[in-house]
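Welcome! Below are a few short exercises, each followed by a worked solution. Try each task on your own before reading on.

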Amino acid sequence: MSAGSAAHRRAEARSLPAAAVIDADGVVLGWTRAAERLLGYRPADIVGHSAAILLTPGDHDERLSLWAREYGHRDSWSGLAEVRHRSGDRLVLHLQGHRLPAADGRSAWVLSANPASMKAALEPLVEPLVQRSPVAIWIWDRDLRCVWRNAKARHFHEVLSLCGDGEAPPEEPLLHRDSQVAKLVRQALEDGAPVIDNEVRLAAVDGSTRTLSISVFRLDDVDGLPIGVCSLAIDVTQSMARERVSLLVEASTSIGTSLDVWQTAQELAQFGVPDLADYVVVDLVESVLPESMLPDDDDPDRPSAETYSSVFRRAGMASSRPSGPPSPWARGEVVFLPPDSPYTDVLATGCSFFEPVVDTSPGTWMDHDPKRARVTREEGMHSRMVVPLRARGETLGVTAFIRSANPTPFTWDDLIIAEEFVARAALSLDSARRYTRERTAALALQHSLLPRRLSGGDVMEVAHRYLPSGTHSGVGGDWYDAIPLDDGRIAVVVGDVTGHGINAAALMGRVRTAVRTLAYLGMPPCELLARLDVLVAQLHEQDDEGDDSTLLSRSSTCMYAVYDPATRRLSMATAGHPPPVVVHPDGEAAFPELFVGPPVGLALGSYASVELELPAGTVVALYTDGLIERRDDDLDAGMERLREALASRVGLPLEILCTSVINAMVGGRAAEDDVALLVIRTR
């Protein structure tokens, strides 16, 4: 590559986060200009040396050993670390690591780093989740100064006169008026043992006494060294408050266990029975549901337009009665509502309806809802609450709580509790709805961007399979292609764009188009990947608009190979991608030894091509890591399972071989990640 091209690539790298490549022994293999600017070390000072030079004073070997035990087996990880600048200053960095697999069983890691104070690192992760939490939360640094707190903690500061952001607390105690809390926090910082539900009585500014349940636990960096303490406090002064917190904690674990709208609605209904109500139903507006089925126009039970104004779908129902809920509508059925129904009013206003004593006398709204009126009278339903399911400014439906066997009417405290856990359930429902819509859109986009038919002409047979993930991580960026070249050669490629969802699918289409464009230039695989590395980095820089994203979110793996039928030679190179499986006609299967370059898009590219001679009838399988990864297996075990699956099926027709291998590798399990498989057989 020319000096001008190298200078251009160095200029492109200046906008990227600091990055390094480190092998399994902790030796630095690669060092970017951004890393030099961040930590002061030039590549000549550190490449080929142990990364221990970056560690702060202490037992370096022991810390590297701890890191290897904690993170060495993972494919990706992130966390905080304290490192040493060349000047001797200490820096807190946010690190992200991504493993580069190799055929010889050894691995290396791409590490990206961004400067991060503890507050800057923690805020984007925890603030959206806990800012409105009923639990007061503080984050303290090692000097016991408050660096972050949520809204409830600020309220406690006003009521109990606690210390605030950035204020160094008195020598004793940490929290004004009570040295016991300071001792708990100091103890957690020193020995790392968490303290759970320790009750503390504090005098409030109004002269009253409050009882708090205090829990503290230490925050450690990636080396296992303490960087601060998190403390949580709940006001349990009144027994009702304690019961409410307990109920909310249980709701957080019982409702929203999946990203399925129907299941979440049913979990909400079941959670309210029998502790709060004898009968709970969840009715959703039809736009929330993934598949709505309106009644036929000739449905004899369909009311006229003059008698109803709203339409729900019964999504969840539960009852304390062994015989089940007494309802004229089953789950999945359409529920019509008259205009003067409180259910309609709740949907329109977003405010709860509270009826501690149900009025069943003539002249009420139930005259226009005879089915509901009949069940109300027959079952002795005497107290009712209807709570809106609202999330992100939109009403998704309503939840009705009914008492019949329990003679006690609902109280305002009951309504407050119901509103709190229904609000949490609404967020889960909205997340499930958004996930379903985004997944459907991403699948459609991905399907439109992937090739429908691939052909090897007279040179080779080609077959392929794609299997979307069965988990909730979203559609990935896996892709594949076979590209006939002008000189009779054929290029085959498989890649995996980091991330999930519509953005990953869109980027996948751009990367696939770039590979096709570069392939037509006829360059060898190693040079194509080097050009692609720069091109993808430029795409990210244009899209980010100065955004401080990590290298891990920018990278894409790729395996590119070109087969020449005149010489029967296959030339291939990999950018952070698992090696292909080559199966000879006699059934002998192996992974070729390849130089594993870094993923494209990092502007770190250094790639090398390897050539193999392929006899007629040789099968080569290219794939993405979703085919070989399992939670309970390491990568090497997955690669060996794939090798054996291909070796035992090499004689099958190629289409049948693809299906059989997918079934053998995934079986009846839901795929944990997207799976792409591209198989060729030379003629």
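**Exercise 1.** Find which residues of helix 9 are buried in this predicted model.

*Solution.* Start by locating helix 9, which spans residues 261-271. Next, apply the cut-off: a residue counts as buried under 20% relative accessible area. Going along the helix, you should collect Val261, then the run Thr264, Ala265, Gln266, Glu267, Leu268 and Ala269, and finally Phe271. That makes eight of eleven residues, so helix 9 is mostly covered.

**Exercise 2.** At the start of helix 9, work out which backbone nitrogen a side-chain oxygen of Asp260 reaches.

*Solution.* Look first at the side chain of Asp260, then follow one of its oxygens to the backbone nitrogen of Trp262, which lies within 3.1 Å.

**Exercise 3.** Describe the open sheet of five strands: what is its order, and which strands form its edges?

*Solution.* Read across the sheet and you get 7-6-10-9-8, with antiparallel pairing. Strand 7 (146-149) and strand 8 (195-203) each pair on one side only, which makes them the edge strands. From one strand to the next, the twist averages 25°. Now zoom in on strand 6 (residues 136-141) and strand 10 (residues 226-235): six bridges join this antiparallel pair. For Ala136, the bridge partner in strand 10 is Ala233.

**Exercise 4.** Decide where the model calls for caution, using pLDDT.

*Solution.* Begin with the whole protein chain: its mean pLDDT is 80, and 79% of its residues reach 70 or more. Then look for weak stretches. Over residues 164-178 the pLDDT is below 50, although this stretch has 41 contacts beyond near neighbours in sequence. Residues 292-300 also have pLDDT below 50, with eleven such contacts. Where pLDDT is low, predicted coordinates should not be read in detail.

Key:
Residues numbered from 1 in each chain as written. Heavy atoms only, no water. Buried < 20%, exposed > 50% of the residue type's maximum accessible area, 1.4 Å probe, protein only. Helix = DSSP H or I, 4+ residues; strand = E, 2+ residues; numbered from the N terminus. Polar contact = N/O pair within 3.5 Å; in protein donor to acceptor, adjacent residues only side chain to side chain. pLDDT = per-residue confidence, 0-100. Contact = heavy atoms within 4.5 Å. Pairing = 2+ DSSP bridges. Axes fitted to C-alpha atoms, helices over the stretch in contact; angles between N-to-C directions.
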